[in-house]
Structures are given as structure tokens and as C-alpha cells.
Amino acid sequence: MSGRNVKSTGVGARRRNSLLLSLTVLAAAVPALQSERVEALPPSVVRTVSQAEGFTTPSQFASPAAMDAQRMLDDRLRSLGRAFHGDVGIAVKDLQTGYTAHFDGASHFPQQSVSKFWVALTALDKADRGDLGLHSPVTVRKSDLTLFNQPIAQLVGANGYTTTIDELLRRAMQQSDNTANDVVLWRAGGPEAVRDFLRRNGIDGIRFGPGERVMQSRIAGMEWSSSYVGAKFYAARNAVPQSVRSRAFENYVSDPVDGATPLGIVDTLARLKKGQLLSASSTDRLLRIMSNTRTGPQRLKGGLAPGWSLAHKTGTGQVLGSVQSGYNDIGIVTAPDGRSYAVAVMIRKTSAPIPSRMALMQNVTRAVIDYSRSLGGHSYARGSHGTYQSSGSN
């Protein structure tokens with residue numbers, strides 16, 4: 001969210017404390033509201049009040065048309081979230097104004113391969129600082145293979161497959177290749193390096209797990225073994241007693257080690273787009289890679305209108321019986337006129353048919369497009385304190 005800087009001494013501090021108290025009381029009084037519109041507060045206040053799920057306050061600098069558009073988006077997201085047969089979190093952030101709407105956006109949802117986004121950010125940050133060479137040769141060997149989706153395995157022969165971090169990053173993001181992602185992760189310093197990136201950049205609401213092999217094994221009630229590479233994992237998982245597997249599955253769903261909040265995701269996507277996390281070249285590189293993602297063509301992307309584009313990353317978890325843990329898509333939707341919106345749809349647990357899940361995501365994209373179109377000719381100009389003020393129609 002965009003915010004106005006308020007000094008922490010004297011009158012400014014008293015006004016901020018008074019405002020925070022008023023907002024906290026209001027948040028407690030309206031727990032059923034599902035949107036978040038805090039656009040003229042200092043970041044410390046925003047972080048505090050955003051913990052009240054569904055908190056909303058009027059957009060001080062929005063025109064009547066913009067406020068109508070915001071209410072429409074609030075209603076659409078709430079309706080879509082409540083009607084879906086499953087546990088879903090949705091968040092949308094207008095990158096022009098900082099306005100954010102959400103449905104259960106403050107809860108943690110399993111990321112699954114959405115977590116590859118954080119690996120990519122960490123690796124590119126390392127490259128920006130000269131600690132990782134994107135074009136240095138890297139050899140992927142059979143001992144590096146992981147499990148589930150790993151198209152690169154077909155290229156790994158007896159002597160391995162020599163490539164670069166840059167290519168592996170592309171495979172991880174565009175094909176959701178688990179082995180490619182794992183190699184990038186460990187070359188970038190492992191899970192702790194990702195967590196350090198999150199901490200250094202003040203990214204809230206994001207957890208990063210222990211890596212694909214360990215996490216997926218534990219979700220199935222197992223401990224990783226190198227003998228599980230490839231199809232052998234399925235055989236080993238089938239041998240796990242159903243009670244053990246069910247308990248491990250439910251433990252993961254209820255408290256995902258790789259959990260992320262939709263609000264945390266859209267905030268980070270916005271910061272990426274604005275160039276606040278990586279160098280200009282790395283920002284452009286990652287967004288171009290995400291614009292050519294091959295997975296999930298009928299998720300968020302399926303709702304695009306002509307002329308609109310999407311830079312995104314999908315995530316899909318394990319299935320137990322008829323229930324799937326984690327079915328996600330996150331990304332930046334961009335209008336023909338260049339206006340952009342960060343979007344996250346995270347499904348924690350569902351037995352809804354796949355077409356229904358895709359329809360939900362497509363309808364969120366359509367809601368964003370309708371919101372953007374309903375703003376009409378109204379634009380926003382950045383004010384002297386970093387807020388956006390309506391400049392009327394063009």
C-alpha cells in the first residue's frame with residue numbers, strides 16, 4: 001500500500017496514535033468486511049491495522065467513480081470467495097493507487113510451486129550483488145533429480161546435463177521444473193538464503209519450506225530418500241499407511257510450512273513491478289520470464305481480455321483421495337494502457353472439479369478487468385506525500 005510519511009515526534013506522533021486507535025476500534029467493530037483500503041497511512045500503521053482481517057476504510061483521495069469501482073471489486077471478490085467449493089484466499093492490488101481488496105487475504109495458504117517465485121527473487125538478488133553468476137556453467141546430475149514435475153530429467157544422461165543458472169531459472173518458473181528449481185535454490189544458498197532475502201526486504205506473510213524433496217515427502221508422511229527419485233516416489237508413497245498419510249496431509253494443510261498470505265504476495269508483486277526489490281535489468285528479466293509461463297494457461301490467464309497480459313507463477317499440491325492441497329496462481333495483470341494489478345488466488349484445500357477452480361481464477365481476472373475499465377478516464381497523480389490524488393478525466 002502507498003502511504004504518507006508521518007513524523008514520529010510531536011504533533012505528528014499524536015495524530016498518528018489517535019488515527020491508529022480510531023482505526024483499531026473501527027476494525028473491531030466491522031469484522032465481517034472483507035476489503036482492505038488503507039492508502040494514506042505510514043507503513044508501520046498499515047502493518048498494524050492490516051492484521052484485522054477484512055479491515056476497510058474510505059479511500060481519501062479516490063473520486064466517486066473510483067470508490068464505486070472499489071466497492072464493486074470488493075463485492076465481486078467476496079461473492080467469488082464465498083461461492084467457491086473450497087477454502088480460498090484472494091487478493092488484488094491496484095499498482096497505481098495502492099488500493100487493495102481481498103477475501104481472506106491475511107491467512108496462510110500452501111504455496112507449492114508458487115514458492116519458486118521466492119527462489120527466483122533470491123537468485124536474481126544474489127546475481128545483482130555479484131554473488132551468483134547467471135551464465136556460469138552448471139552441471140545437473142542424476143543425483144540432483146527430485147520428484148514430480150521435472151522435464152529436465154529427460155536431458156540428464158550418464159554425464160549429466162550442463163546448462164546455466166539462467167536457463168534453470170527459466171525452466172523453474174515457466175515449466176515449474178522441480179529439479180531446475182532445486183539446483184537454483186541450493187546454488188543461491190538454500191532455504192535460509194531465501195528466508196534472509198524475505199527478512200532483509202521486510203516481506204511479511206511469507207514462509208519458505210525446507211526444499212521440494214523434504215517437504216513433499218513429509219506431506220505424504222515420509223522422510224526423503226535418494227531412492228525415491230522419479231516414479232519410485234509414488235510406489236513408496238502408496239506403501240504408507242492411510243492413517244499416517246492422512247494425518248501428515250492434514251497437518252500440512254492446516255499449518256503449511258510453505259504458507260503465504262495472498263496480501264503478502266500481492267504486496268511483493270507490486271514491489272517487484274515498481275523496481276523496489278531487484279535491479280532494473282533483473283526486474284525486467286524476471287517479469288519477462290513470468291510473462292512466458294507455460295503452466296496454468298486456463299487459470300488466471302484464461303480470464304484475460306484481448307490486449308491484456310499476465311506475468312505469473314502457478315502452484316499445484318498433492319492430492320489425497322478427492323482433496324487437493326494447494327491450487328494456486330499469482331501474477332501481475334496488465335491493461336493495454338499499461339495499468340497493472342497484482343493478483344493472487346490461493347486455494348488451500350478443495351475437492352471441486354478442476355474446471356471449477358479454473359473458472360474461479362478466470363472470474364477473478366475478469367473482476368480486475370472490470371474494475372480497471374470502470375475507472376474510465378479517471379487517473380491518479382502522485383501527491384507530495386506519496387499518496388495518489390484523482391486528477392479527474394483525461
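These legends accompany close-up views of the cavities and a pocket in a predicted model.

**View 1. Enclosed space in the model.** Let us start inside the protein, where there are two cavities of 30 Å³ or more. The largest cavity holds about 90 Å³ of space.

**View 2. Residues around the largest cavity.** Here you can follow the wall of the largest cavity along the chain: Ser115 takes part, as do Asn181, Asp182 and Leu185. The run Phe208, Gly209, Pro210, Gly211 and Glu212 also lines this cavity, and Met215 and Asp258 complete the list. Sorted by class, the lining has four nonpolar, four polar and three charged residues.

**View 3. Helices at the largest cavity.** Two elements are worth picking out here, α6 (178–187) and α8 (212–219), as each supplies at least two residues of the lining of the largest cavity. With three residues, α6 gives the most to this lining.

**View 4. The second largest pocket.** We now turn to an open site, the second largest pocket, with a volume of about 350 Å³. The pocket is lined by 19 residues, and those closest to its centre are Phe148, Asn149, Asn178, Thr316 and Gly317. Two or more lining residues come from each of α8, α9 (232–238) and β8 (309–316).

**View 5. Make-up of the second largest pocket.** Take a look at β8 in this view: the strand provides three residues, the largest share of the lining of the second largest pocket. By class, this lining has 13 polar residues, along with three nonpolar and three charged ones. You may recognise α8 from View 3, since α8 supplies residues to the lining of the largest cavity and also to that of the second largest pocket.

Conventions. Residues are numbered from 1 along each chain as its sequence is written. This is a predicted model: local features need pLDDT of at least 70, side-chain atom pairs count only at pLDDT 80 or more; totals for chains, interfaces and linings use all residues. Side-chain values use heavy atoms; hydrogens and water are left out. On a 1 Å grid over the protein atoms alone, a cavity is a set of points where a 1.4 Å probe fits but cannot get out, and a pocket is an open set with protein on both sides within 12 Å along at least five of seven lines; lining residues have an atom within 4 Å of a point. Grid points are joined across faces, edges and corners, and a volume is the space filled by probe spheres set on the points. Helices (H or I, at least four residues) and strands (E, at least two) are DSSP runs, numbered from the N terminus. Ala, Val, Leu, Ile, Met, Phe, Trp, Tyr, Cys and Pro count as nonpolar, Asp, Glu, Lys and Arg as charged, and the others, Gly among them, as polar.
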